[in-house]
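Please open the model in your viewer, with the chains coloured separately, and keep the sequence panel in view. The stops below are meant to be followed in order, one selection at a time.

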Amino acid sequence: MEFTLITLLNGLSYGLLLFLLSSGLTLIFSMLGVLNFAHASFYMLGAYFAYAISIQLGFWPALLLAPLLTGLLGALVERVGLRHVRRHGQVAELLFTFGLSYVVVELVQLAWGRSALPYAIPAQLDGPLFTLYSTAFPAYRGFMMLLALLVLLAAGWLLKRSRIGMLIQAALTHPQMLEALGHNVPRLFTLVFAAGCALAGLAGVVGGNAFVTEPGMAAGVGSIIFVVVVVGGLGSLKGAFIASLLIGILQTYAVALDVSLLSALAHWGIQIAPDAVGYPLLRLTLAQVAPVLPYLLLVLVMLLRPRGLFGLRD
Amino acid sequence: MALSSWRGKSLWLAFALLLAAPLLFAQSAALSILSQCGCMMILALSFNMLLGQSGMLSFGHAVYSGLAAFASAHLMNELAGSSAAALLLVPLAGGVAGMLAGVVFGYVATRRSGTALSMISLALVELVAAAVLMLPAWFGGESGVSTNRVLGMPLFGVDFSSQLQVYYLIAFWLFVSTAAMYGLTQTPLGRIANAVRDNPQRAAFIGHDPRQVRYLMFMLSAFFAGVGGALTAINFEIVSAENLSLLRSAQILLFTFIGGIGYFFGPMIGAITGVLFSSLLSAYTRGWQLYLGLLFVLIVLFAPGGIAGAWIKLLAGWRQMTLRGWLRLAGGLLTAFGAVFLIEMLYRRAAIL
Amino acid sequence: MSDQLHPPVLELRNLHKQFGAVRIINGAALQLRQGEKLALIGPNGAGKSTLFNLISGAIVPGSGELLLRGREIGGMTPFQISRLGLARSFQITSIFPRLSVVDNLRTAVLAAHGYRYTFWRRLSGLGKVNYRIEELLQQCGLQAHGATLAGDLSYAVQRALEIGITIAGDASLILLDEPTAGMNRDEAAAATELIRRVSAGKTLLLIEHDMDVVFGLVDRIAVLVDGRIIACDTPAAIRANRAVQEAYLGAVEAQQP
């Protein structure tokens, strides 16, 4: 029982982190029409910046400064690069962000090397939050969940209640009208892009020490958040939320389960010989398959409901 | 400019170059690079069937060449002890394997279009790449599947043990594939795919089913990717998970785009450039991947037509180039040199620390 | 008149479509006979383009019946409807910018001649297709621009190409959405002449604001106001119709200070 609860909580914290990332991605897609392939690179930069700042100033200043830095960098990228490329079409924009992601990985390796960095959880947050029988739930995971929820609630409040939020909502659906009314829509675009990147950077600050800080971390999480937004429905925040939690919980559960089709069949009395054709496939345990479950989910959703869970019809 | 005679003459020139290249670059290392170029040219051309011709940005092209490479390696292991003549047909088998994968995965990928299609193709390559490592019985695990292209009885004294002989095999299949892919652009499907690329909505209102067109192009592209993959397996005699990784897909995409997706021969230029970067340049500097990425980003930003596009523009307008234009070009080159210098210094510094 | 043996080419029965809370099409009814030329007019925002989108399959009707030669087409995809012999043009030019004019026309002709997925035959060998392309170039006055990329053409020539692509498939029911939009008097006259030529013997449904174009081309006029057809009659009768006058003049009165 405690296994289920702890795994659920772990899955939730991972899912919320995914949503922190994919919400920024969805916002940028809804507003600018481009899927920011470099989004996971800003996640990585957030972690690396946080590491660099934390060894000088400590974790808490890093928590504040690293997302600001990534946001500023995002604004620069949008202003100088994306805006320039926009006139060549959607494919060109996607290719630009793709090239950017490629270059950022190389630059990070140039600056910090190829091996994982010792970016550690701060002492105050290390250790268990509470213990259920014999399983402990890490305090840092709880902190991650709290932070993600607070940030997302604040962002949601900002969108719904503030003037700038109202402008952003209007620009999401009627950018030309807004521009005709005299608002600086290109600047709004830059702001939203920067905010999305800042969110990614924040996710990196807390994800980098919870998981790992290395050059491969962008690729690891990047593909997953693209799965999240497509499964949830491109442009739907609600879809991104559901899909993030679904994938977070699914993966966390699967990693802990050592069952395979082979063991299930054996449970029902069916034995398969090792030299049977499909044996290597049947032998795989859920724990081994866990890393690709999001992709399998995507294939399933694309076959059954091509527009995603909450997406608009293609 | 009389384009048709120009095209005809350059075709014969290209064919002649293809045959004569080993005479100019006789060392084994150079032949190895030429062989890699040949394989990559087929892969890039097949990729451009999707991007340049049909408007599909796929991040998962390596799935089809990679799976075909594995299939070819297994096939060659099965054929060991037969005759060298069988090797001539292995690329064809690779093509079929690639196409089968294209039929299966393409069905899922082409359910959508645009950005969603790109993301699905990304998920597919991650899925297949991970699956390959999970099934060592079929894919050899970390070390991959090794094979021997010397299948047995020589054919007119040729047993494909030397790089020169492999080069001519690759050159043959390069010529055949290029001719086939070019021929495809001159068929109804080729033109309809272009229309679907430009304006899928209008194409539908005219009576074409954009999804079926994309699916078909996907399958055909996967066939030629399979041919390229099989030749890779023959060339290197080993196939591993790296052959169908996202990195390999990204390389094919980078090379093709750098060459120029708007022209048929653009990807071929890109393939040569890419192989030179990864095989030659990598010996001189650790930063070759950074340079490749920067070149790609610069081309996306300033020369979306790629090297081919820039070349055509230059040929058409170099006489009209003003002094300002030449100064700007010189300035750009100086900045590039400066950047390279800076990057090399940074890499030296990083190596010392 | 129509009967069971010869159903009208196009029939709309109590057609409804709403977007959110807004009822764009509110019980539209219309019958189009074989060979007839009908103009659809109405104030801006009445739903004319939406009606075209419903008929051509771009959007799905909310409720009601949409019949093409007696066959229900509501819910079919655009390419399915196109293959049943319906062709439409667009108010905002929708062509293939990176293809030449010849290739633009060719794409439409290929579909009509059944060459949809053929990759084993060369384009140069398709005699009937190439002949039809030549014919179209002549008809639409595009001979001089055959090899030009469609994206590089001037606006008026693009509109001619727009019509050319629409009629290339020899569809028997043609829908033209403001074909003379953005044209000056001379260009509009030339376009009207072109439309008259190419729609000879075919059924034509036309959205137009330019009354000179309308009166010269059509047998009947249908007036769409607030999502319903309030009148459908000969041009002379429409001119004298009270309800139509109110719909237009009422709008004019509202605009006067």
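What follows is a walk through a predicted model, going from whole chains to a helix pair, then to a sheet and finally to a contact between chains.

**Stop 1: chain A as a whole**

Select chain A and show it as a cartoon, in which you should be able to trace 14 helices and 2 strands. The radius of gyration of chain A is 21 Å, close to the 20 Å that the globule rule gives for 314 residues, so chain A is as compact as a globular protein of that length. If you turn the chain along its principal axes, the C-alpha trace spans about 75 × 50 × 40 Å. Of the 314 residues, 46% are buried, and of the contacts between residues at least 6 apart in sequence, 77% join residues at least 24 apart.

**Stop 2: a helix pair in chain A**

Now select residues 139-161 of chain A, which form helix α5, together with residues 185-210, which form helix α8 of the same chain. How are two packed helices described? The description uses the angle between their axes and the distance between the axes. For α5(A) and α8(A) the angle is about 170° and the axes are 11 Å apart; since angles over 145 degrees count as roughly antiparallel, the two helices are therefore roughly antiparallel to each other.

Show the side chains where they meet: α5(A) brings A:Tyr140, A:Met144, A:Leu147 and A:Val151, while α8(A) brings A:Leu202, A:Val206 and A:Ala210. The residues of this contact divide into 7 nonpolar, no polar and no charged.

Before leaving α5(A), pick A:Leu149, which is found in that helix. Is A:Leu149 buried or exposed? It counts as partly exposed, because it has 13 C-beta neighbours inside 10 Å, where 20 or more would be needed for a residue to be buried and 12 or fewer would make it exposed. Draw a distance from its C-alpha atom to that of A:Phe19, and the viewer should give 9.8 Å, although the two residues lie 130 residues apart along the chain.

**Stop 3: chain B as a whole**

Hide chain A and select chain B, which has 15 helices and 4 strands. Its radius of gyration is 21 Å, close to the 20 Å that the globule rule gives for 353 residues, so chain B is as compact as a globular protein of that length. Along its principal axes the C-alpha trace spans about 65 × 60 × 50 Å. Buried residues make up 51% of the 353 residues of chain B, and residues 24 or more positions apart account for 80% of its contacts with a separation of 6 or more.

**Stop 4: the sheet of chain C**

Move to chain C and find the open sheet of 6 strands, whose order is β6-β7-β8-β3-β9-β10 and whose pairing is mixed. Which strands stand at the edges? They are β6 (86-88) and β10 (228-233), each with a single partner strand, so one side of each is left without a neighbour in the sheet. Looking across the sheet, you will find that the twist averages 15° from one strand to the next.

Add helix α1 (residues 48-56) of chain C, which packs on the sheet and touches β3 (37-41), β6, β7, β8 and β9 (220-225), its direction making about 150° with that of β7(C).

Next, take the strands pair by pair:

- Select β7 (residues 173-177) and β8 (residues 203-207) of chain C, which pair in the parallel sense over 5 bridges; here C:Leu175 stands opposite C:Leu205 in β8(C).
- Select β3(C) and β9(C), which also pair in the parallel sense, over 4 bridges; the bridge partner of C:Ala39 in β9(C) is C:Ile221.
- Select β9(C) and β10(C), which run antiparallel and are joined by 5 bridges; C:Ile221 stands opposite C:Asp233 in β10(C).

Stay with β9(C), which is mostly covered, with 5 of its 6 residues buried. In the hairpin that it forms with β10(C), 2 residues lie between the strands, and C:Asp226 takes a positive phi near 55°.

**Stop 5: where chain C touches chain B**

Finally, show chains B and C together and select their contact, which takes 30 residues from chain C and 22 residues from chain B. On the chain C side, the elements that give two or more residues are α2 (78-83) and α3 (101-112), and α3(C) gives the most, with 7 residues. Colour that side by residue type, and its residues divide into 15 nonpolar, 7 polar and 8 charged.

Conventions:
Residues numbered from 1 in each chain as written. Chains lettered and ligands numbered in written order. Predicted model: local features only at pLDDT ≥ 70, side-chain atom pairs only at ≥ 80, totals over all residues. Rg over C-alpha atoms; globule rule 2.2 N^0.38 Å. Contact = placed C-beta atoms within 7 Å. Nonpolar A, V, L, I, M, F, W, Y, C, P; charged D, E, K, R; others polar. Axes fitted to C-alpha atoms, helices over the stretch in contact; angles between N-to-C directions. Parallel < 35°, antiparallel > 145°, perpendicular 65-115°, else oblique. Pairing = 2+ DSSP bridges.
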